[in-house]
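Subject: Structure handover and findings

Hello,

Here is the structure we discussed, with notes on what was found in it. Please read the notes alongside the coordinates.

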Amino acid sequence: MTEADPNDPVAVAVELERLRGTLEAGFARVDGSLALLVQRSDQTDKQLADHESRLDALERTRWPLPSIAALTATAGLCLALWEMTAR
């Protein structure tokens with residue numbers, strides 16, 4: 001292999017075309033990777049929204065339990081006090 005003359009316009013054009021091809025291939029790989037990351041991010045957002053809605057549904061169905069426990073404890077206390085005073 002002989003070294004190309006750096007002043008030769010044909011050699012410079014060939015080298016620039018080779019660099020252009022290398023850059024295009026690199027950009028295509030980066031673009032593909034970014035598209036995959038965007039797709040995964042969208043899937044994660046959907047999963048997060050689903051989990052939030054499921055958690056909200058669980059919280060809505062659970063809220064009466066502490067109230068029922070407090071009412072039961074209060075009723076038990078009232079009944080105990082009533083029995084103590086009735087004697």
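Angles under 35 degrees count as roughly parallel, over 145 as roughly antiparallel, 65 to 115 as roughly perpendicular and the rest as oblique. The axes behind those angles are lines fitted to C-alpha atoms, for helices over the stretch in contact, and the angles run from 0 to 180 degrees between N-to-C directions.

This is a predicted model, so local features need pLDDT of at least 70 and side-chain atom pairs count only at pLDDT 80 or more, while totals for chains, interfaces and linings use all residues. Residues are numbered from 1 along each chain as its sequence is written, and side-chain values use heavy atoms, with hydrogens and water left out.

Overall form

The protein has 2 helices and 0 strands; helices (H or I, at least four residues) and strands (E, at least two) are DSSP runs, numbered from the N terminus. Its C-alpha trace spans about 115 × 20 × 20 Å along the principal axes. The radius of gyration is 37 Å, whereas a compact globule of 87 residues would have one near 12 Å. That radius is taken over C-alpha atoms, and the globule rule is 2.2 Å times the number of residues to the power 0.38. Buried residues make up 2% of the 87 residues, where buried means under 20% relative accessible area, exposed over 50%, and partly exposed in between (1.4 Å probe, protein chains only).

Two C-alpha separations give a sense of scale. Leu19 and Leu37 are 18 residues apart along the chain and 27 Å apart in space. Arg60 and Leu23 are 37 residues apart in sequence, with 55 Å between their C-alpha atoms. Leu19 lies in helix H1 and is partly exposed, at 42% relative accessible area.

The two helices

How do H1 and H2 pack? Helix H1 (residues 9–62) and helix H2 (residues 64–86) meet at an angle of about 15°, and their axes are 6 Å apart. H1 and H2 are therefore roughly parallel to each other. On the H1 side the contact (heavy atoms within 4.5 Å) is made by Arg60, Thr61 and Arg62, and on the H2 side by Pro64, Leu65 and Pro66. These residues divide into 3 nonpolar, 1 polar and 2 charged. In that split Ala, Val, Leu, Ile, Met, Phe, Trp, Tyr, Cys and Pro count as nonpolar, Asp, Glu, Lys and Arg as charged, and the others, Gly among them, as polar. Arg60, which belongs to helix H1, is exposed, with a relative accessible area of 55%.

Salt bridges

Side chains of opposite charge can pair when their charged atoms come close. The rule used here asks for a side-chain nitrogen of Lys or Arg within 4 Å of a carboxyl oxygen of Asp or Glu. By this rule the count comes to 4 salt bridges, and three are described below.

- Arg18 and Glu15 form a salt bridge at 2.4 Å, N to O. They are 3 residues apart in helix H1, and so separated by about one helical turn. Glu15 is partly exposed, at 37% relative accessibility.
- Arg20 pairs with Glu17, with the closest N and O atoms 3.2 Å apart. Here too the partners are 3 residues apart in helix H1, about one helical turn. Arg20 is partly exposed at 47%, and Glu17 is partly exposed at 47%.
- Glu24 pairs with Arg20, with the closest N and O atoms 3.3 Å apart. Both lie in helix H1, 4 residues apart, about one turn of the helix. Glu24 is partly exposed, at 45% relative accessibility. Through shared partners, salt bridges join Glu17, Arg20 and Glu24 into one network.

Regards
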